[in-house]
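Morning, everyone. Please have a look at the model on the screen while I talk.

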Amino acid sequence: MTTGIDARLDRIGTDDSYVIVPMDHGITMGAVQGLKDIESTIDGVTSGGADAVLTQKGIAPRVHENKNGKGYIVHLNGSTTIGPDEQDKRLTGTVDEAVRVGADAVSFHINVGSNHEPDQISQLSEVTERARQLGMPVLAMAYARGPGVDSTDPEALGHAVRLAEELGADIVKTGYSGDAESFQHVVESTRLPVIIAGGSKGSDRETIEMVRGTMDAGGAGISMGRSIFQHEDPEAIARAVAGVVHDDLSVDDALAEAGLALEA
């Protein structure tokens, strides 16, 4: 680690744990619920306890005045749901551009096991090299995705997170294997902080149970998009998630303190 990387990691986390809300979905899905008035959503989730938000570079002017002093991550590749292949993530920015728009870190998505893995490996390697030169942390979004790949298999997820470390990332995000016991293997596959993706929006309890399982397995937090920014109360669900990640609350206590229903 360099001094710059350490300092910037502090800006996107709290005591080596992370509550990150990615909102780069505008390039993937369009201006869906929660992203049209992205300013209000950013204000809500950061007021609720999110450590950082994440967008594509062009949204930077809409981020800074609304993030309440929290961290900002710029995502460097993307694809669309209406394009020919959503797994074919193409470069959308550079580390230098992220520096210019005021980012505290960059992120890059790689689908391990997909037909596009070779190109994405090369691109991530180039991103981490340039980021190291500039003292910029890299969050690798390393998913197990591709023909014949089970995206919840702990062995495949463990391979994905290890790949991220091997290529020089500083934090790695991946899918959740379904329970704390199996996810422990994923966490133990790397020395990097491991955080989980949220996936499709579930119930509040399902979301917080997934966060609790991640932390029980030794994970370092979450990077959840739709489960937070499409919630009817983004601030409340962010507060519940942060309660588990930062305050070690139980599922029921986190929901109760955030004012969310304790549904079964």
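I'll start with an annotated binding site and then turn to salt bridges.

Some ground rules. This is a predicted model, where local features need pLDDT of at least 70, side-chain atom pairs count only at pLDDT 80 or more, and totals for chains, interfaces and linings use all residues. Residues are numbered from 1 along each chain as its sequence is written, and side-chain values use heavy atoms, with hydrogens and water left out.

First, the binding site. An unreviewed UniProt entry gives that label to a set of residues, among them Asp24, Tyr143, Gly199 and Arg226. UniProt positions are in the numbering used here, feature names are shortened, and annotations may be inferred rather than shown by experiment. The set spans 203 residues in sequence, and its farthest two C-alpha atoms are 22.7 Å apart, so the residues do not all gather at one spot. The lining of the largest pocket includes Asp24, Tyr143, Gly199 and Arg226 from this set. A pocket here is an open set of points on a 1 Å grid over the protein atoms alone, where a 1.4 Å probe fits, with protein on both sides within 12 Å along at least five of seven lines; lining residues have an atom within 4 Å of a point.

Let's take Asp24. Is Asp24 buried or exposed? Asp24 is buried, at 12% relative accessible area. Buried means under 20%, exposed over 50%, and partly exposed in between, with a 1.4 Å probe and protein chains only. Asp24 sits in the loop between strand S1 (18-22) and helix H2 (25-29). Helices (H or I, at least four residues) and strands (E, at least two) are DSSP runs, numbered from the N terminus.

Now Gly199. Gly199 is partly exposed, at 34% relative accessibility. Beyond neighbours within four places in sequence, Gly199 contacts Arg226 and Ser227. Contact means heavy atoms within 4.5 Å.

Next, salt bridges. How many salt bridges does the structure hold? There are 13. Each one needs a side-chain nitrogen of Lys or Arg within 4 Å of a carboxyl oxygen of Asp or Glu.

Take Arg205 and Asp252. Their closest N and O atoms are 2.5 Å apart. Arg205 lies in helix H9 and Asp252 in helix H12 (residues 251-257), so this pair ties together parts 47 residues apart in sequence. Arg205 is buried at 14%, while Asp252 is partly exposed at 38%.

Helix H9 also holds Arg212. Arg212 forms a salt bridge with Asp248, at 2.9 Å from N to O. Arg212 is buried at 13%, but Asp248 is exposed at 56%.

That's my tour. Thanks for listening.
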